[in-house]
Amino acid sequence: MKIFGKDKVVYYFSPDNKPAYFAEDGETFWVETDDCYGGQIKTANDLRTQIDISIMDAAVGPISISNATPADTLCVEVMDIQFASQGVMVTSVGLGVLGKMIKTPNTKIIKIKDGYAHFSDRIKLPLTPMIGVMGVSPKEGRIHCATPGNHGGNMDTKEIKIGSKIYLPVFVEGADLGISDLHACMGDGELSGTGIETAGRVCLKVSVIKNKRKARPIIETADSIYTLATEATYQEAIEVAVADMVAILQEKLQLEFPDAYRLLSATCDIGISQVVNGVYTLKVRAPRYVIKNESVF
Ligand code: CA
Ligand code: ZN
C-alpha cells in the first residue's frame with residue numbers, strides 16, 4: 001500500500017497547486033500528517049503566540065485521483081486513523097468561544113496511550129479519532145487550509161471518522177485531495193478552538209462517482225447521512241444545510257417540497273460541527289432509515 005508522506009504539503013487548496021501524489025480510482029493508501037501546528041509545539045513551554053500560524057493545518061498532498069474530473073464526486077472512505085504518542089491543546093487570547101476570558105497563552109501536552117487521551121492524572125478520555133481537514137481544490141482562487149467551505153477543508157466535523165464516507169464535489173482534474181489536522185478527541189463545536197491535536201496517519205480509500213455532484217460535502221456513517229454547510233453566520237449555514245437535506249429527501253423519495261420539509265422536521269437533527277474557524281460549519285443529520293438505506297448518490 002502506498003504511503004503519502006507528510007513532507008509534501010500545501011497551505012492553500014488551489015487549482016494552481018501541482019499534484020504531489022497520485023492514486024487510482026478505488027485505491028486504498030495511507031497519508032501521514034503532522035499535527036495542525038506542523039509539529040511546532042512539542043512541550044508545554046511552546047506557546048501558540050510563538051509559532052508561525054500562517055502554516056497551520058497545512059494539508060498533505062495534493063493527491064491526484066485518476067478518473068476524477070469536474071462534475072464528479074470524490075468519495076473518501078476512512079478506513080483507519082492512528083495517532084502519535086502525544087497530543088496538544090493550546091489556549092490563547094481570543095481563541096475559541098470564550099477567548100475573551102483568556103489572559104495569557106497556555107499549552108497542555110496530552111499523552112495518547114492504550115486507546116485513551118490522558119488529560120490529567122484523574123481524567124482519561126476514550127479516543128474519538130477524526131480528521132479535521134479533508135478537502136479538494138476549489139474551481140478557482142485559493143482557500144487557506146485552516147478555512148472550511150464547499151470544497152471541504154477545515155470542516156472540523158467529528159463524523160469524519162473511521163467507517164465514514166465523505167463525499168466531496170470535484171472541481172479540477174484529479175480532485176487534488178489534501179488531508180491534515182487529526183484530532184484524538186473533539187466535541188461538537190470545537191469550543192475552545194482546538195481538539196486534542198496530534199500527528200498520525202490515516203488509511204483512506206478513494207473512489208469516483210461519475211457525473212454526479214452535490215454543491216457541498218456530504219457524510220455517510222453507518223446509521224446517518226449528513227449535509228454540511230459552511231457560511232458566515234449560523235443562520236445562513238442552517239438554511240443551506242437544511243435546504244440541501246430537503247432536496248435530498250425530495251429526490252430520493254420523490255416528494256413534493258412540503259412533504260419533504262415535514263419529513264425533515266419529523267426525523268432530522270441540526271448539529272454544529274465547528275464555530276471557531278472564522279465561519280460556521282453546521283450539519284443536518286438524517287437517520288438512514290428515512291431514505292431506506294440508499295446512498296445519497
Ligand atoms: Ca481544525
Ligand atoms: Zn485541529
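## Asn277 and its surroundings

Does Asn277 count as buried or exposed, and at what relative accessibility? In this predicted model, Asn277 has a relative accessibility of 16% and therefore counts as buried, since the cut-off for that class is under 20%. Asn277 belongs to the loop between E22 and E23, and, leaving aside residues up to four places away in sequence, it touches Ala146, Pro148, Asn154, Asp156 and Glu190. Two of these names, Asn154 and Asp156, return in the next section as donors of the calcium ion (ligand 1).

## The calcium site

The calcium ion (ligand 1) has as its protein donors Asn154 (OD1), Asp156 (OD), Asp156 (OD) and Asp181 (OD), which lie 2.1 to 2.5 Å from the ion. Along the chain these donors follow the spacing N-x1-D-x24-D. Distant parts of the chain are linked in this way, for Asp156 sits in the loop between strand E15 (152-154) and strand E16 (165-169), while Asp181 sits in strand E17 (residues 177-183), 25 residues apart.

Asp156, with 1% relative accessibility, counts as buried, and Asp181, with 2%, counts as buried.

## The zinc site and the shared aspartate

Coordination of the zinc ion (ligand 2) comes from Asp181 (OD), His183 (NE2), Glu197 (OE) and Glu197 (OE), at 1.8 to 2.5 Å. The angles subtended by the four donor atoms run from 56 to 144°, and the arrangement is therefore irregular, because a tetrahedral assignment would need all angles to lie between 85 and 135 degrees. For reference, the ideal angle at a metal with four tetrahedral donors is 109.5 degrees.

In sequence, the zinc donors follow the spacing D-x1-H-x13-E. Here too distant parts of the chain are linked, with His183 in strand E17 and Glu197 in strand E18 (residues 197-198), 14 residues apart. His183 counts as buried at 0% relative accessibility, and Glu197 counts as buried at 2%. The two sites meet at Asp181, which bridges the zinc ion (ligand 2) and the calcium ion (ligand 1) across a separation of 3.3 Å.

## Ile131 and the nonpolar cores

Ile131 is part of strand E12 (residues 130-135) and, at 0% relative accessibility, counts as buried. Beyond residues up to four places away in sequence, its contacts include Val78, Ile81, Ile179, Val202 and Leu204, and also Asp181, the residue that coordinates both metal ions. By contrast, Thr49 lies 82 residues from Ile131 in sequence and 24 Å from it in space, C-alpha to C-alpha.

In soluble globular proteins, nonpolar side chains tend to be buried together. The largest nonpolar core in this model contains 42 residues, and those with the most contacts inside it are Leu74, Ile131, Met134, Leu177 and Leu204. Strand E7 (residues 73-83) contributes the most to this core, with five residues. A second, separate core has 21 residues, among them Tyr167, Ile218, Ile225 and Ala241.

## The two sides of helix H2

Helix H2 (residues 257-267) has Ala260, Leu264 and Thr267 as buried residues. When the helix is viewed down its axis, the buried residues fall within an arc of 90°, so they line one face of H2. On the other side of H2, the exposed residues are Arg262, Ser265 and Ala266.

The cover over the buried residues of H2 includes helix H1 (234-253), strand E22 (269-274) and strand E23 (280-287). Strands E22 and E23 also bring the account back to its starting point, as the loop between them holds Asn277.

Methods: Residues are numbered from 1 along each chain as its sequence is written. Chains are lettered from A and ligands numbered from 1 in the order in which they are written. This is a predicted model: local features need pLDDT of at least 70, side-chain atom pairs count only at pLDDT 80 or more; totals for chains, interfaces and linings use all residues. Side-chain values use heavy atoms; hydrogens and water are left out. Buried means under 20% relative accessible area, exposed over 50%, partly exposed in between (1.4 Å probe, protein chains only). Helices (H or I, at least four residues) and strands (E, at least two) are DSSP runs, numbered from the N terminus. The arc is that of the directions from the helix axis to the C-beta atoms. Contact means heavy atoms within 4.5 Å. Donors are N, O and S atoms within 2.8 Å of the metal (3.2 Å for Na, K and Ca); water is not among the atoms, so sites may look incomplete. A nonpolar core is a set of buried Ala, Val, Leu, Ile, Met, Phe, Trp, Tyr and Cys residues joined through side-chain atoms within 4.5 Å. Four donors count as tetrahedral if all angles lie between 85 and 135 degrees; four count as square planar and six as octahedral if opposite donors are over 155 degrees apart and all others between 65 and 115; anything else is irregular.
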